[in-house]
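Student: Hi! I'm new to this one and would like a friendly walk through it. Could we look at it together?

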Amino acid sequence: MNRFVSENYERVKTEIYRAAQRSGRDPVSVQVVAVSKGVPSSAILKAKAAGIHAFGENRVQEFSRKYRELGQEIQWHFVGHLQRNKVRLLVNKVKLIHSLDRWELAVELNRWSVQEGTFFDTLVQVNMAREKSKHGLYEEEVRDFLTAAAGLPGLRVCGLMTIAPYAANPEEARPFFRALRELAVKHRAIPGLKLDLLSMGMTQDFVVAVEEGANIVRVGTGIFGLRR
Ligand SMILES: *Cc1c(COP(=O)(O)O)cnc(C)c1O
């Protein structure tokens, strides 16, 4: 397992390096979040030993179990749809929530972080391809959302996230990634926001995402192998 994961990780890093070079970017500006859903804590520890720093989970229950097992040794990212009644379980435990996808969630995140005297770092998830099956704001809703979110003291919006539609050819994701970057550039001037982070690209399409400006890629299968 260890060797397998570290070989996979080396390959992912090499592909990121080449993609960054091709597009004139600094390869170290791209962070890998290893999506560890379905992966046992023991394998996460081995992946950490192989040099992976950040791990992403998409279910609160699974995250909480792994947090009890591994705790703050791990830099945790939350990448899945988040129910409001689960927010309290993430307070002071996750580095970044990639999936801020609706206003009620922003309000709840803010309520908890203000109450606990802390803050949540978040990315706003945008449904660029307008897929009915996916969460996230539509492009035209982003400006008003960001403007309002900038007024919430317990929330820091650090950038945008998207999931491209599944496609056999990763090139099909390119227009969505490009449009997400343009959206971030367009809204960069909103006071109180930074929008430095672009979380886009998974196993299938992270190379294209890096070429289009991703500085966080979320790779699961490409590191841990197929999920059961
Ligand atoms: C599962 C998941 C990933 C990783 O998917 P792979 O195809 O296994 O790389 C990335 N982002 C989100 C939001 C996910 O749920």
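Student: Which residue in S8 does Gln31 stand opposite?

Tutor: Gln31 stands opposite Ile216 in S8. Before we go on, keep in mind that this is a predicted model.

Student: Okay, noted. In which sense do strand S1 and S8 pair, and over how many bridges?

Tutor: Strand S1, residues 31-35, pairs with S8 in the parallel sense, and four bridges join them.

Student: And the two faces of strand S8, are they covered or open?

Tutor: Both are covered. Ile216 and Arg218 are on one side of strand S8 (residues 216-219), Val217 and Val219 are on the other, and all of them are buried.

Student: Why do the residues switch sides like that?

Tutor: In a regular strand, side chains alternate between the two faces of the sheet.

Student: Let's change topic. What volume does the largest pocket have?

Tutor: The largest pocket holds about 590 Å³ of space.

Student: Which residues lie nearest its centre?

Tutor: Lys37, Ile163, Met202, Arg218 and Arg227 do, out of 25 residues that line the largest pocket. You've met one of them already: Arg218 is also one of the buried residues of strand S8.

Student: How does that lining split by class?

Tutor: The largest pocket has nine nonpolar, 10 polar and six charged residues in its lining.

Student: What about the second largest pocket, which elements give two or more residues to its lining?

Tutor: Those are strand S3 (75-78) and strand S6 (155-161). S6 supplies the largest share, with four residues. The volume of the second largest pocket is about 300 Å³.

Student: Which residues lie nearest the centre of that second pocket?

Tutor: Asp121, Arg156, Val157, Cys158 and Lys194, from a lining of 19 residues. By class, the lining of the second largest pocket divides into 10 nonpolar, four polar and five charged.

Student: What does the charged end of Arg156 sit over?

Tutor: The ring of Phe119, with 3.8 Å to the ring centre. You can find another arginine over a ring too: Arg130 lies over the face of Tyr138, 4.3 Å from the ring centre.

Student: Rings, nice. How many aromatic pairs does the structure hold?

Tutor: Four aromatic pairs. Phe63 and Trp76 make an edge-to-face one, with 5.5 Å centre to centre and 85° between the planes. That pair links distant parts of the chain, since Phe63 is in helix H3 (residues 60-70) and Trp76 is in strand S3, 13 residues apart.

Student: Are those two buried or exposed?

Tutor: Phe63 is buried, because its relative accessible area is 1% and under 20% counts as buried. Trp76 is buried as well, with a relative accessible area of 1%. Ring pairs also link Phe63, Tyr67 and Trp76 into a cluster.

Student: Which other pair is edge-to-face?

Tutor: Trp103 and Phe145, at 5.7 Å centre to centre and 90° between the planes. Trp103 belongs to helix H4 (residues 103-115) and Phe145 to helix H5 (residues 142-149), 42 residues apart. Trp103 counts as partly exposed at 32% relative accessibility, while Phe145 counts as buried at 7%.

Student: Last one: where does Arg68 lie?

Tutor: Arg68 is in helix H3, and it is exposed, with a relative accessible area of 67%. Its C-alpha atom is separated from that of Ser41 by 10.0 Å, and the two residues are 27 residues apart along the chain.

How values were computed
Residues are numbered from 1 along each chain as its sequence is written. This is a predicted model: local features need pLDDT of at least 70, side-chain atom pairs count only at pLDDT 80 or more; totals for chains, interfaces and linings use all residues. Side-chain values use heavy atoms; hydrogens and water are left out. On a 1 Å grid over the protein atoms alone, a cavity is a set of points where a 1.4 Å probe fits but cannot get out, and a pocket is an open set with protein on both sides within 12 Å along at least five of seven lines; lining residues have an atom within 4 Å of a point. Grid points are joined across faces, edges and corners, and a volume is the space filled by probe spheres set on the points. Ala, Val, Leu, Ile, Met, Phe, Trp, Tyr, Cys and Pro count as nonpolar, Asp, Glu, Lys and Arg as charged, and the others, Gly among them, as polar. Rings of Phe, Tyr and Trp (its six-membered ring) pair if their centres lie within 6.5 Å; planes under 30 degrees apart count as stacked, over 60 as edge-to-face and the rest as tilted. Buried means under 20% relative accessible area, exposed over 50%, partly exposed in between (1.4 Å probe, protein chains only). A charge sits over a ring if NZ of Lys or CZ of Arg is within 6 Å of the ring centre and within 35 degrees of the ring normal. Two strands pair if DSSP finds at least two bridges between them.
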